Amino acid sequence: MKLRLRRTSSRRPVAQRSAFAVVTLAATMGVAGCAVFSPATVLKPYEPSDGTGTTVGGVTVRNTLVVSSGVDEPGVLSVVLVNPGPDPATVSVSVDVDAGAPAAQSFFLAPGSSLHLGDPSAVADDAAATDDDSGTQSQVGWVQVPQVPVTPGETVPVTFRVDGQAQAVQAPVVLPCFEYAVITPTAAADTPTDTASASATPSPSVTCGPAVGEEPSAAEG
């Protein structure tokens, strides 16, 4: 009696593996296509700080924000203005709020100079222009808002004007916490005093959460 051995074909598994390879290749090409035709996130413009920025009349506006402890409380405008060009520039700044809006204030920027509005040293009698590490002349100034009509977390419009050109930005309102704790309103908007620079801690009525990277304490829940 002869036994017949039945030979099994290996074509079906090979075909299945081939089909799986084709599907995998197609999926890989699809993902690669998305990466090619979708713009990289790092190439999109974004604000690397808490405030907003713009450019007007050749002057660069950086990190515009308003520091205030609450709605209808006074606030301080914080912004850095940079004039990188060869010509001087005069920048007019106004915080455009309905309640307690201060008059527009103008600041002179020499060529290659910068101005930090909201620097507490601006309220001191000996505040003067200095040279930073890059050799750029740096100045300080102070713009106080008598009454901020929105709560921290919302925005207020701030307009910058240079040589007839105007640019408005929506400046976020932040609490006087952490790096902004030293930016506190003076006793009177038109009479700066040294008390502003001495106030290095937020108001007792302001509750600041944990700093970035810090865990909340047990007392904070």
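Aspartate 72 counts as partly exposed in this predicted model, since its relative accessibility is 43%, a value that falls between the limits of 20% for buried and 50% for exposed residues. The residue is found in the loop between β2 and β3, and its backbone adopts a positive phi of about 65 degrees although aspartate 72 is not a glycine. A positive phi also occurs at asparagine 63, where the angle is about 55 degrees and the residue is likewise not a glycine. Asparagine 63, however, lies within a strand, namely β2, which spans residues 59-68. With a relative accessibility of 22%, asparagine 63 counts as partly exposed, because the class of buried residues is restricted to values under 20%.

The elements named above belong to a protein that contains two helices and 11 strands. Read along the sequence, these elements follow the pattern α-β-β-β-β-β-β-β-β-β-β-β-α. Of the 221 residues of the protein, 30% count as buried, and the accessible surface comes to about 13900 Å², with carbon and sulfur atoms contributing 56% of that area. When contacts with a sequence separation of 6 or more are considered, 59% of them are accounted for by residues 24 or more positions apart.

A pairing of residues far apart in sequence is provided by valine 95 and threonine 159, which are 64 residues apart along the chain and whose C-alpha atoms are separated by 6.5 Å. Valine 95 is found in strand β4, which comprises residues 89-95. The relative accessible area of valine 95 is 3%, and the residue is therefore classed as buried, the cut-off for this class being under 20%.

A search of the whole structure finds one disulfide, which joins cysteine 177 to cysteine 208 with an S to S distance of 1.8 Å. Cysteine 177 lies in the loop between β11 (165-174) and α2 (195-198), whereas cysteine 208 lies in the segment after α2, so the pair ties together parts that are 31 residues apart in sequence. The torsion about the S-S bond is about -80 degrees, and the disulfide is therefore left-handed. The two partners fall into separate accessibility classes: cysteine 177 is buried, with a relative accessible area of 6%, while cysteine 208, at 23% relative accessibility, counts as partly exposed. The assignment of cysteine 208 follows because buried residues must have a relative accessible area under 20%.

Methods. Residues numbered from 1 in each chain as written. Predicted model: local features only at pLDDT ≥ 70, side-chain atom pairs only at ≥ 80, totals over all residues. Heavy atoms only, no water. Helix = DSSP H or I, 4+ residues; strand = E, 2+ residues; numbered from the N terminus. Buried < 20%, exposed > 50% of the residue type's maximum accessible area, 1.4 Å probe, protein only. Contact = heavy atoms within 4.5 Å. Areas by Shrake-Rupley, 256 points an atom, 1.4 Å probe, with all protein chains shown as cover. Disulfide = S-S within 2.5 Å.
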